[in-house]
Amino acid sequence: NTVYPAASNAWTTSGPFHMGGSAETGHIYESVAFDPVARTVYTGRWNQAAIQSWTSGDALTDWSVPTTAPWVFSMTNGVQPVLLWHPTLFGPSDGGLLAYRLTSSGVEIVAWRKSTDTWSTLVTSDDGSTHGAMEYVRSGDYAICTVATGSTFRIGAGSGGVPASPVQIENPPIACRHAGGSTNVGILIDDPTGSAAPYILEKAGSNRVWRYSGGAWALQSFTHPFPAGSAS
């Protein structure tokens with residue numbers, strides 16, 4: 001766990017951390033969620049049910065386990081579960097986590113309500129791996145959840161403690177997931193200003209950029225400036 005305070009212009013690092021007596025696998029990938037109000041970071045653990053968290057201001061080694069799901073998230077893929085913090089998942093000021101869970105029939109999108117520490121299943125996707133990405137879109141108050149080789153869903157704001165029903169949308173033009181070698185995949189990100197739609201940046205290939213608008217992914221006329229031809 002490493003922190004960079006801009007005011008001091010210096011990095012502070014805790015070194016390797018351990019939870020429950022065992023070290024991390026290192027395969028964090030998309031398993032990072034951030035609640036900007038509570039200033040809490042969440043990450044999962046491969047082949048376990050526990051979600052761990054760290055809040056800004058705590059010691060860098062002071063990780064806690066705010067919730068344990070009723071099942072493990074992955075039993076065949078050596079990656080930690082894809083996570084996302086959705087601030088209105090269950091209603092105004094009633095946020096929670098979205099996560100992928102691998103089952104025998106596909107991948108479930110599951111939800112954790114922070115205020116009650118309860119888990120529920122929202123939808124099952126037609127996929128056989130937990131690779132994918134999730135992104136919260138501030139301008140529209142919704143999440144995009146895409147499984148790398150399966151389906152893509154839009155999940156809006158909930159109400160009265162009940163999450164919104166996932167709505168299936170067009171799949172991205174390339175799979176959005178962590179990079180493996182020279183795999184041509186994309187990173188799904190929100191507009192940095194929070195005032196427009198999300199984007200996909202190509203990780204390997206020709207640095208293409210797509211923007212989600214009107215229910216479709218539109219290829220942009222420009223490319224992004226990050227190193228070309230590299231997946232990472």
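Colleague: Is C176 buried or exposed in this structure?

Modeller: In this predicted model, C176 is buried, because its relative accessible area is 0%, and the cut-off for burial is under 20%. C145 is likewise buried, since its relative accessible area is 0%.

Colleague: How many disulfides does a search of the whole structure find?

Modeller: A disulfide is a covalent bond between the sulfur atoms of two cysteines. Here, a search of the whole structure finds zero disulfides.

Colleague: Let us turn to the strands. What is the order of the strands in the open sheet of four strands?

Modeller: Strands of a sheet pair through backbone hydrogen bonds, either parallel or antiparallel. In this case the order is β13-β14-β15-β16, and the pairing is antiparallel. At the edges stand β13 and β16 (167-169), each of which pairs on one side only. From one strand to the next, the twist averages 25 degrees.

Colleague: How many bridges join strand β15 to β16?

Modeller: Three bridges join β15 (residues 152-155) to β16, and the two strands run antiparallel. As an example to locate on screen, T152 has I169 in β16 as its bridge partner.

Colleague: How should one read the backbone angle phi, and what is the phi of D141?

Modeller: Most residues other than glycine have a negative phi. D141 is not a glycine, yet its phi is positive, at about 55 degrees. D141 is placed in the loop between β13 and β14 (142-147). With a relative accessibility of 24%, D141 counts as partly exposed.

Colleague: Where does D117 lie, and what is its phi?

Modeller: D117 lies in the loop between β11 (106-113) and β12 (118-125). Its phi is positive, about 50 degrees, although D117 is not a glycine. D117 counts as partly exposed because its relative accessibility is 39%, which falls between the limits of 20% and 50%.

Colleague: Finally, the pockets. What volume does the largest pocket have, and which residues lie nearest its centre?

Modeller: Rolling a probe the size of a water molecule over the atoms shows where empty space is left. The largest pocket has a volume of about 430 Å³. Its lining comprises 19 residues, and those nearest the centre are F34, L84, W85, E135 and Y136.

Colleague: Which strands each supply at least two residues of that lining, and how do the lining residues divide by character?

Modeller: The strands are β5 (33-35), β9 (83-86), β13 (132-137) and β17 (186-189). By character, the lining of the largest pocket has 14 nonpolar residues, no polar ones and five charged ones. Strand β13 thus appears twice in our discussion: as an edge strand of the open sheet and as a contributor to the lining of the largest pocket.

Key. Residues are numbered from 1 along each chain as its sequence is written. This is a predicted model: local features need pLDDT of at least 70, side-chain atom pairs count only at pLDDT 80 or more; totals for chains, interfaces and linings use all residues. Side-chain values use heavy atoms; hydrogens and water are left out. On a 1 Å grid over the protein atoms alone, a cavity is a set of points where a 1.4 Å probe fits but cannot get out, and a pocket is an open set with protein on both sides within 12 Å along at least five of seven lines; lining residues have an atom within 4 Å of a point. Grid points are joined across faces, edges and corners, and a volume is the space filled by probe spheres set on the points. Ala, Val, Leu, Ile, Met, Phe, Trp, Tyr, Cys and Pro count as nonpolar, Asp, Glu, Lys and Arg as charged, and the others, Gly among them, as polar. Two strands pair if DSSP finds at least two bridges between them. Axes are lines fitted to C-alpha atoms, for helices over the stretch in contact, and angles run from 0 to 180 degrees between N-to-C directions. A disulfide is a pair of cysteine sulfur atoms within 2.5 Å. Buried means under 20% relative accessible area, exposed over 50%, partly exposed in between (1.4 Å probe, protein chains only).
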